[in-house]
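Hi,

Here is the structure I promised to pass on. Have a look at it first, and then read my notes below.

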Amino acid sequence: MAPRSNLTGFDPAKFAAAAGQPANDPWARAEAWRYTGPFTRSNRLRGSFPGFGIALGAFAVYVAYDKLIAGGSHAHHGAEHGHAT
(Lines give C-alpha, C1' and ligand atoms only; values in the text may rest on other atoms or scores of the structure.)
Protein backbone atom coordinates (compact mmCIF):
# COMPACT_ATOMS: atom_id res chain seq x y z
CA MET A 1 0.00 0.00 0.00
CA ALA A 2 1.47 3.34 -1.03
CA PRO A 3 1.76 6.11 1.55
CA ARG A 4 -0.96 8.74 1.35
CA SER A 5 0.03 12.04 -0.17
CA ASN A 6 0.08 15.06 2.08
CA LEU A 7 -2.80 17.38 1.16
CA THR A 8 -1.31 20.46 2.79
CA GLY A 9 2.23 20.07 1.49
CA PHE A 10 3.58 20.65 5.01
CA ASP A 11 6.47 18.35 5.95
CA PRO A 12 7.24 18.44 9.71
CA ALA A 13 10.69 16.86 9.20
CA LYS A 14 11.75 19.59 6.76
CA PHE A 15 10.38 22.26 9.08
CA ALA A 16 12.35 20.91 12.07
CA ALA A 17 15.55 20.69 9.99
CA ALA A 18 15.13 24.26 8.75
CA ALA A 19 14.37 25.64 12.20
CA GLY A 20 17.45 24.11 13.88
CA GLN A 21 18.50 25.33 17.32
CA PRO A 22 17.68 28.90 18.30
CA ALA A 23 20.66 31.23 18.44
CA ASN A 24 19.81 32.44 21.95
CA ASP A 25 17.86 29.79 23.82
CA PRO A 26 16.28 31.41 26.90
CA TRP A 27 15.86 28.02 28.60
CA ALA A 28 19.43 26.74 28.07
CA ARG A 29 20.68 28.07 31.39
CA ALA A 30 17.62 26.73 33.21
CA GLU A 31 18.26 23.23 31.79
CA ALA A 32 22.05 23.19 32.30
CA TRP A 33 21.91 22.66 36.09
CA ARG A 34 20.27 19.26 35.60
CA TYR A 35 23.46 17.75 34.18
CA THR A 36 26.16 19.32 36.35
CA GLY A 37 27.40 19.03 39.92
CA PRO A 38 25.48 16.65 42.17
CA PHE A 39 23.01 15.88 39.39
CA THR A 40 25.42 14.14 37.01
CA ARG A 41 24.52 10.59 36.01
CA SER A 42 27.26 9.02 38.13
CA ASN A 43 26.30 11.01 41.24
CA ARG A 44 22.62 10.12 40.82
CA LEU A 45 23.51 6.43 40.52
CA ARG A 46 25.85 6.58 43.51
CA GLY A 47 23.10 8.10 45.66
CA SER A 48 20.50 5.53 44.63
CA PHE A 49 21.57 2.95 47.23
CA PRO A 50 22.61 4.76 50.40
CA GLY A 51 24.31 2.49 52.92
CA PHE A 52 24.76 -0.35 50.45
CA GLY A 53 28.56 -0.35 50.85
CA ILE A 54 28.36 -0.46 54.64
CA ALA A 55 25.76 -3.23 54.53
CA LEU A 56 27.85 -5.25 52.08
CA GLY A 57 30.92 -4.90 54.30
CA ALA A 58 28.99 -5.90 57.42
CA PHE A 59 27.57 -8.94 55.64
CA ALA A 60 31.04 -9.99 54.47
CA VAL A 61 32.34 -9.74 58.05
CA TYR A 62 29.39 -11.83 59.28
CA VAL A 63 29.96 -14.54 56.66
CA ALA A 64 33.69 -14.66 57.44
CA TYR A 65 32.96 -14.93 61.17
CA ASP A 66 30.39 -17.65 60.57
CA LYS A 67 32.71 -19.70 58.36
CA LEU A 68 35.92 -19.29 60.37
CA ILE A 69 34.93 -19.01 64.01
CA ALA A 70 31.36 -20.26 64.41
CA GLY A 71 31.63 -22.82 61.59
CA GLY A 72 31.87 -25.78 64.00
CA SER A 73 28.37 -25.20 65.40
CA HIS A 74 26.68 -26.12 62.12
CA ALA A 75 28.50 -29.47 61.86
CA HIS A 76 26.73 -30.89 64.94
CA HIS A 77 23.25 -29.76 64.00
CA GLY A 78 21.84 -33.30 63.78
CA ALA A 79 23.09 -34.25 67.26
CA GLU A 80 21.15 -31.40 68.84
CA HIS A 81 17.85 -32.96 67.81
CA GLY A 82 18.60 -36.41 69.11
CA HIS A 83 19.62 -37.92 65.79
CA ALA A 84 22.45 -40.39 66.00
CA THR A 85 25.32 -39.49 63.71
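Here is what I found in it.

This is a predicted model, where local features need pLDDT of at least 70, side-chain atom pairs count only at pLDDT 80 or more, and totals for chains, interfaces and linings use all residues. Residues are numbered from 1 along each chain as its sequence is written, and side-chain values use heavy atoms, with hydrogens and water left out.

On confidence (pLDDT is the predictor's confidence in each residue, from 0 to 100): the protein chain averages 78, with 82% of its residues at 70 or more. Among its elements, helix α4 (residues 52–68) has the highest mean, 94, and helix α6 (residues 77–80) the lowest, 55.

The protein chain has six helices and zero strands. Both are DSSP runs numbered from the N terminus: helices are H or I with at least four residues, strands E with at least two.

Just 1% of the 85 residues count as buried (under 20% relative accessible area; exposed is over 50%, partly exposed in between, with a 1.4 Å probe and protein chains only). Helix α1 (residues 12–19) fits in here: zero of its eight residues are buried. Gly 20 follows α1, and its phi is positive, near 60 degrees.

One more spot to look at is Phe 52, which sits in helix α4. Phe 52 counts as exposed because its relative accessibility is 52%.

Cheers
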